[in-house]
Amino acid sequence: MHSGGVASRSADPRDPRSGSGSPALDAVSLAIIEQLQQDGRRPYSAIGKAVGLSEAAVRQRVQKLLDQGVMQIVAVTDPLTVGFRRQAMVGITVEGDLDPVADALGEMPEVEYVVMTAGSFDLLVEVVCEDDDHLLEVINKRIRALPAVRSTESFVYLKLKKQTYMWGTR
């Protein structure tokens with residue numbers, strides 16, 4: 001439940017999150033996001049009661065948050081139950097500009113997310129595949145085939161212990 005104690009995010013130059021190109025979110029928008037993280041199917045009327053807005057105002061705010069790319073409302077599945085038995089994190093070392101490689105990886109349907117990192121790897125990608133043969137094909141024939149990719153290291157998931165999207169808006 002939302003307690004009403006959500007702080008507003010503003011363009012405070014001392015806030016390391018400001019200046020990221022993301023829109024500043026007020027306390028009401030943050031509260032709406034928290035409501036939807038608890039249940040993405042929650043009716044706008046129930047959200048409105050929780051955050052002190054009308055159903056129409058909530059609908060407008062949600063649409064604006066979606067249009068701005070602040071959030072998505074999606075069905076999160078257990079990959080095993082829908083035929084994807086192999087997941088892995090792949091660390092990738094790149095020579096030169098990371099952007100073209102990250103963009104190419106982002107176009108692959110098996111790639112769930114792409115992260116640019118500082119550390120041992122330039123990029124981390126999570127891949128979800130049907131089986132080991134599919135994973136091998138993705139890594140060997142597609143990821144390693146990208147011109148600037150110099151090396152990869154795969155971390156195959158043996159068991160997923162926790163996956164949640166309930167971090168709220170802190």
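In this predicted model, the loop between helix H3 (55-67) and strand E1 (86-94) is home to Val74. Val74 counts as exposed because its relative accessibility is 57%, and the cut-off for that label is over 50%. Val74 also has company on the surface: together with Val76, Tyr165 and Trp167 it makes up a nonpolar patch. The accessible area of these four residues together is about 430 Å².

Following the chain onward from this loop leads to strand E1, which belongs to an open sheet of four strands. Read across the sheet, the order is E2-E3-E1-E4, and the pairing is antiparallel. Strand E2 (111-116) and strand E4 (149-156) each have a single partner strand and stand at the edges, so one side of each is left without a neighbour in the sheet. On average, neighbouring strands of this sheet are turned by 20° against each other, with direction ignored.

A closer look at one pair helps to picture the pattern. E1 and strand E3 (residues 123-129) run antiparallel and are joined by seven bridges. Within this pair, Leu123 in E3 has Ile92 standing opposite.

Helices complete the picture of the sheet. Helix H4 (residues 98-106) packs on the sheet and touches E1, E2, E3 and E4; the direction of H4 makes about 165° with that of E2. Helix H5 (residues 132-143) packs on the sheet as well, where its contacts are with E1, E3 and E4. The angle between the direction of H5 and that of E3 is about 140°.

How values were computed. Residues numbered from 1 in each chain as written. Predicted model: local features only at pLDDT ≥ 70, side-chain atom pairs only at ≥ 80, totals over all residues. Heavy atoms only, no water. Patch = residues over 30% accessible without salt bridge, like charges linked within 9 Å, V, L, I, M, F, W, Y side chains within 5 Å. Areas by Shrake-Rupley, 256 points an atom, 1.4 Å probe, with all protein chains shown as cover. Salt bridge = Lys/Arg side-chain N within 4 Å of Asp/Glu carboxyl O. Helix = DSSP H or I, 4+ residues; strand = E, 2+ residues; numbered from the N terminus. Buried < 20%, exposed > 50% of the residue type's maximum accessible area, 1.4 Å probe, protein only. Pairing = 2+ DSSP bridges. Axes fitted to C-alpha atoms, helices over the stretch in contact; angles between N-to-C directions. Contact = heavy atoms within 4.5 Å.
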